[in-house]
Amino acid sequence: MKIPFVSFEKMHNEVREELIQNFQDTLDSNWFIGGIRDAEFEESFAAYVGRKYCIGCGNGLDALMLSLKALGISAGDEVIVPANTFIATALAVSYTGALPVFVEPKLDTYNINPERIEEKITSKTKAIIPVHLYGQPAEMDAIMQIAKKHSLFVVEDCAQAHGAVYHGRKIGTFGDIAAFSFYPGKNLGALGDAGAIITDDQKLAGKVRALGNYGAEQKYNHIYQGNNSRLDELQAAFLSVKLKYLDKWNCDRQRTALRYLQEIRNANIILPYVMEDIKPVWHVFAIRCQERDKLAKYLLEKGIETNKHYPIPIPLQECYKNLNFRRGDYSIAEEISATELSLPMYYGMSDEEISYVIYAINHFSNKRNEQDLIKV
Ligand SMILES: *Cc1c(COP(=O)(O)O)cnc(C)c1O
């Protein structure tokens, strides 16, 4: 059996006609940026998350960067980010001129460890960016408490967790502002790059909108040195279709995750820990294994594609070598990078496919074969 890491096939087959209809309508409208399709999607996505304002933009990185800029973050400031996340979280900080300050994750949830945040706060710290990584909410109670105590802004990175719930509330409603990505592979994905910013703060919303539109609130009147990062009408039209199905598609991922959690039984494998009173949306199903590369190779031989999130911790990435981190500085993030493996996870995996993945993993043995022993 061949099982890809991600497949859009079932998802897009379900909405094919609606997508094509919306494409044709947009084409015939002769209006491609900043029209009624943007407005309609922004309104429905704000309502879905449960906040007043949504501003569409070009991608998730821009959503983070525009949020930070709107909060006034700039050179000389420091922003707390998780050491274990996608590079965009840190790059968004760097693009404002501020310094990303990395905090260790927890080994069991993979999310930022709130207990390790305060030791990194200095007089220059202006904000925290919690990431709801792999679709599991970060520990927002503890994080909001720290932010309040030190008067820090909170920018939620929601790129991997559309629709996830923490203590009865959707993620994206805790911080001052929240950034979403609609990269095609995310739980809610466009047919290309797209992103959005969500907030309840009218002033902030207006500033974000201007910053993504050349810094202009009115045409040719430039208040800020802004960027060009706007949501295309076409992408908004596609997203409006897919948003209607998001809860259903997330539910299906939860069905797959539940089976992985209940049926994967192998002493070599550590399953992700799910906190109490939360609803993860399983952007990624991340397991850990000391023999990770061997497991990945074994699964690939059985036709099962996997992935690593993320093979190099951000503090050790070449692009941040100016920060002079060394191996051992972020030992938990390094341990995750060395042992994490992401299993196939997408809408519409069949029961047989899920069973096949589980069976293969349960029959993985990490015993070294005799040749390996001779080599040793
Ligand atoms: C995907 C992602 C981003 C960036 O989104 P793009 O749309 O690819 O720019 C930011 N943060 C996290 C955690 C992501 O997974």
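Start by selecting Glu318 and Lys321: both are exposed. Their side chains form a salt bridge, with the closest N and O atoms 3.5 Å apart. Keep in mind as you click around that this is a predicted model.

**More salt bridges**

The count for the structure comes to 18 salt bridges. For one that ties distant stretches together, pick Glu42 and Arg209, where the closest N and O atoms are 3.0 Å apart. Glu42 sits in helix α2 and Arg209 in helix α6, 167 residues away along the chain. How accessible is Glu42, buried or exposed? Glu42 has 9% relative accessibility, so it counts as buried. Its partner Arg209 is partly exposed, because its relative accessible area is 40%.

Now swing over to helix α8 and show Glu263 and Arg259, whose side chains meet in a salt bridge at 2.8 Å, N to O. This pair stays inside one helix: the two residues are four apart, about one turn of α8. Glu263 is partly exposed, at 31% relative accessible area, while Arg259 is buried, at 17%. Then add Asp252, Arg255 and Asp351 to your selection, and you have a network of salt bridges.

**Thr256, inside α8**

Stay with α8, which spans residues 246-263, and highlight Thr256. Thr256 has a relative accessible area of 0%, so it is buried. Which residues does Thr256 touch, leaving aside those up to four places away in sequence? The contacts are Met345, Met349 and Ile354. Put a distance on Thr256 and Trp282 too: they are 26 residues apart in sequence, and 9.1 Å apart from C-alpha to C-alpha.

**The main core**

Next, hide the surface and go inside. Nonpolar side chains tend to be buried together in soluble globular proteins. The largest nonpolar core here has 42 residues, and the ones with the most contacts inside it are Phe41, Phe45, Ile117, Phe180 and Phe182. Color the elements that give two or more residues to this core: α2, β3 (99-103), α5 (140-149), β8 (177-181), β9 (195-199) and α7 (233-243). Helix α2 gives the most, with five residues.

Phe45 makes a good stop. Beyond residues up to four places away in sequence, Phe45 touches Cys54, His162, Phe180, Phe182, Leu188, Ile198 and Leu243. Apart from this core there is another, of 33 residues, including Leu66, Ala98, Ile177 and Val208.

**Strand β9**

Select β9 next. How many of its five residues are buried? Five of the five are. Side chains in a regular strand alternate between the two faces of the sheet. Gly195, Ile197 and Thr199 lie on one side of β9, Ala196 and Ile198 on the other, and both faces are covered.

Now bring in the neighbors. Strand β1 (residues 53-57) pairs with β9 in the antiparallel sense over five bridges, and β8 pairs with β9, also antiparallel, over four. Zoom in on Ala196 to see both pairings at once: Ala196 is the bridge partner of Gly56 and of Phe180.

**A nonpolar patch outside**

Turn the surface back on and select Phe23, Leu27, Phe32 and Ile33. These residues make a nonpolar surface patch of about 360 Å². Phe32 lies in the loop between α1 and α2, and counts as partly exposed because its relative accessibility is 41%.

**Backbone oddities**

One last round, this time with the backbone shown. Most residues other than glycine have a negative phi, and most peptide bonds are trans.

Look at Asn30, in the loop between α1 (9-29) and α2 (36-49). Asn30 is not a glycine, yet its phi is positive, about 55 degrees. With a relative accessible area of 58%, Asn30 is exposed.

Move on to Tyr214, in the loop between α6 (202-211) and β10 (216-218). Here phi is again positive for a residue other than glycine, near 60 degrees. Tyr214 is partly exposed, at 42% relative accessibility.

Finish at His309 and Tyr310. What is the peptide bond between them, cis or trans? The bond from His309 to Tyr310 is cis, with omega near 10 degrees. You will find Tyr310 in the loop between α9 (292-301) and α10 (331-339).

Note on methods. Residues numbered from 1 in each chain as written. Predicted model: local features only at pLDDT ≥ 70, side-chain atom pairs only at ≥ 80, totals over all residues. Heavy atoms only, no water. Buried < 20%, exposed > 50% of the residue type's maximum accessible area, 1.4 Å probe, protein only. Contact = heavy atoms within 4.5 Å. Core = buried A, V, L, I, M, F, W, Y, C linked by side-chain atoms within 4.5 Å. Patch = residues over 30% accessible without salt bridge, like charges linked within 9 Å, V, L, I, M, F, W, Y side chains within 5 Å. Areas by Shrake-Rupley, 256 points an atom, 1.4 Å probe, with all protein chains shown as cover. Salt bridge = Lys/Arg side-chain N within 4 Å of Asp/Glu carboxyl O. Pairing = 2+ DSSP bridges.
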